[in-house]
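Please look over the chain shown here. The report below works through its folding, its helix packing and a few single residues.

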Amino acid sequence: MSTLLPAPELFTVAEGEAGERLDRFLSGRMEGLSRSRLKALIEEGRVSDADGRRFEEPSLKVRPGQSFIVDVPEAVEAEPEGQDIPLDVLYEDDDLIVIDKPAGLVVHPAAGNPDGTLVNALIAHCGESLKGIGGVRRPGIVHRLDKDTSGVMVAAKTEAAHQGLTALFAARTIDRRYLALAWGRLTPLAGERTGAIGRSPHDRKKMAVLRKGGRPAVTRYRSLRLFAGGAVSEVECSLLTGRTHQIRVHLAEAGHPLVGDPLYGRRNPALAESLPEPVKSRLRSFERQALHARTLGFTHPLSGKHLFFESKPPSDMRDLIAMLEQM
């Protein structure tokens, strides 16, 4: 189901709508445009009445019988350019796309990664089917995976889908489960990790659980299997919130950093010392945090259809698990 930007139309205020803010009135009438987007259009002078008089105050109280026309411009091209980067597409329709992100792919352009990102790949892949988010022809990223975390992600192609997915994430109705390999035996074997997460006051590259400040974060976990005499745990984690590095921070705070984590783990954990040399060497040399977004389930924000996707861990994690199973 696709939600296109509406053609110019006259919207007349009914008796029951009198006194509403102009931006709220229009957002209730114009499917596919958020209130914030309409507020910006009003401030840009793109809302007028039938006589051509412009209104530039989003807070204007509307009166019965007033009529408004909204000039919605064509979506402009995004600053990031499309790049032909292969994508493993699990699902795509007119409104959203679900992909299986490989480890090593950055999601969004930033100072250290101006291109070669998932956003560049989506712009090229989706082309004209990107209808514009906030007036810009770009994909709507509603959640992110760290560069070296693999697995399932969803992105919006239309503003209506972006709003709907954002609301689902905010309401915590998205089912997200991750597979992780962590050092040590978790105690208890299942439970919940909480604690506000914010920028570490000691290392600006890291996030941390803070006593003051930060944003509330909740991670549910359960230990699936123990390997190497309890030196390594295979853990399933479910996110109730989506903070930067959340699983990595919560498990490290509990004393169980992820295998291979360059920020929150140690290359030579004491637990590895008693292991056979090949296993010890393999664990120490794992080149990324052993974290994979395994499942993603949600209700399509426009069609109402329930969607569920599952991704197998990539070969590096599968090979490591297979080696641990043999011990």
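The sections go from the whole chain to helix pairs and then to single positions.

## Overall picture

This is a predicted model. The chain holds seven helices and 17 strands. Its C-alpha trace spans about 80 × 45 × 35 Å along the principal axes.

Of the 327 residues, 47% count as buried. Contacts reach far along the sequence. Among those between residues at least 6 apart, 66% join residues at least 24 apart.

## Helix α1 and its cover

Helix α1 runs over residues 22-29. Its buried residues are L22, D23, F25 and L26. They cover an arc of only 160° around the axis, so they sit on the same side of α1.

Several elements help to cover these buried residues. Among them are the strands β1 (10-12), β2 (47-48) and β3 (67-70). Helix α2 (35-43) is also included.

## The α1–α2 pair

Two packed helices are described by the angle between their axes and the distance between the axes. For α1 and α2 the angle is about 125° and the axes lie 9 Å apart. The two helices are therefore oblique to each other, since angles over 145 would be needed for roughly antiparallel and 65 to 115 for roughly perpendicular. The crossing of α1 past α2 is right-handed.

On the α1 side, L22, D23, R24, L26 and S27 make the contact. On the α2 side, R35, L38, K39 and I42 do so. By class, this contact has four nonpolar, one polar and four charged residues. L22, D23 and L26 also belong to the buried residues of α1.

L38 of α2 can also be placed relative to strand β3. V70 lies in β3. The C-alpha atoms of V70 and L38 are 8.7 Å apart, with their positions 32 residues apart in sequence. V70 has 3% relative accessibility, so it counts as buried.

## Helix α7 and its partners

Helix α7 covers residues 315-325. Its buried residues are M317, L320, I321, M323 and L324. Seen down the axis, they fall within an arc of 160°, so they line one face of α7.

These buried residues pack against four strands and a helix, namely β10 (175-183), β14 (218-227), β15 (232-239), β16 (291-299) and α6 (277-284).

## The α6–α7 pair

The axes of α6 and α7 come within 11 Å and cross at roughly 155°. Angles over 145 degrees count as roughly antiparallel, so α6 and α7 are roughly antiparallel to each other. The crossing of α6 past α7 is left-handed.

In α6, the residues P278, V279, R282 and L283 take part. They meet D319, L320, M323 and L324 in α7. By class, the contact has six nonpolar, no polar and two charged residues. L320, M323 and L324 are also among the buried residues of α7.

## Backbone features

One peptide bond is worth a look. T187 and P188 are joined by a cis peptide bond, with omega about -5°. P188 lies in the loop between β10 and β11 (190-194).

Two residues that are not glycine have positive phi. R172 has a phi of about 60°. R172 lies in the loop between α4 (159-170) and β10. Its relative accessibility is 48%, so R172 counts as partly exposed. A228 has a phi near 50°. A228 lies in the loop between β14 and β15. Its relative accessibility is 16%, so A228 counts as buried.

## A loop residue with a distant partner

Which residues does D115 contact, leaving aside its neighbours within four places in sequence? They are Q83 and N120. D115 and Q83 are 32 residues apart along the chain, and their C-alpha atoms are separated by 8.3 Å.

D115 is in the loop between β6 (96-101) and α3 (118-126). Is D115 buried or partly exposed? With 44% relative accessibility, D115 counts as partly exposed.

Note on methods:
Residues numbered from 1 in each chain as written. Predicted model: local features only at pLDDT ≥ 70, side-chain atom pairs only at ≥ 80, totals over all residues. Heavy atoms only, no water. Buried < 20%, exposed > 50% of the residue type's maximum accessible area, 1.4 Å probe, protein only. Arc of directions from axis to C-beta. Contact = heavy atoms within 4.5 Å. Axes fitted to C-alpha atoms, helices over the stretch in contact; angles between N-to-C directions. Parallel < 35°, antiparallel > 145°, perpendicular 65-115°, else oblique. Left-handed = near helix turned anticlockwise from the far one by under 90°. Nonpolar A, V, L, I, M, F, W, Y, C, P; charged D, E, K, R; others polar.
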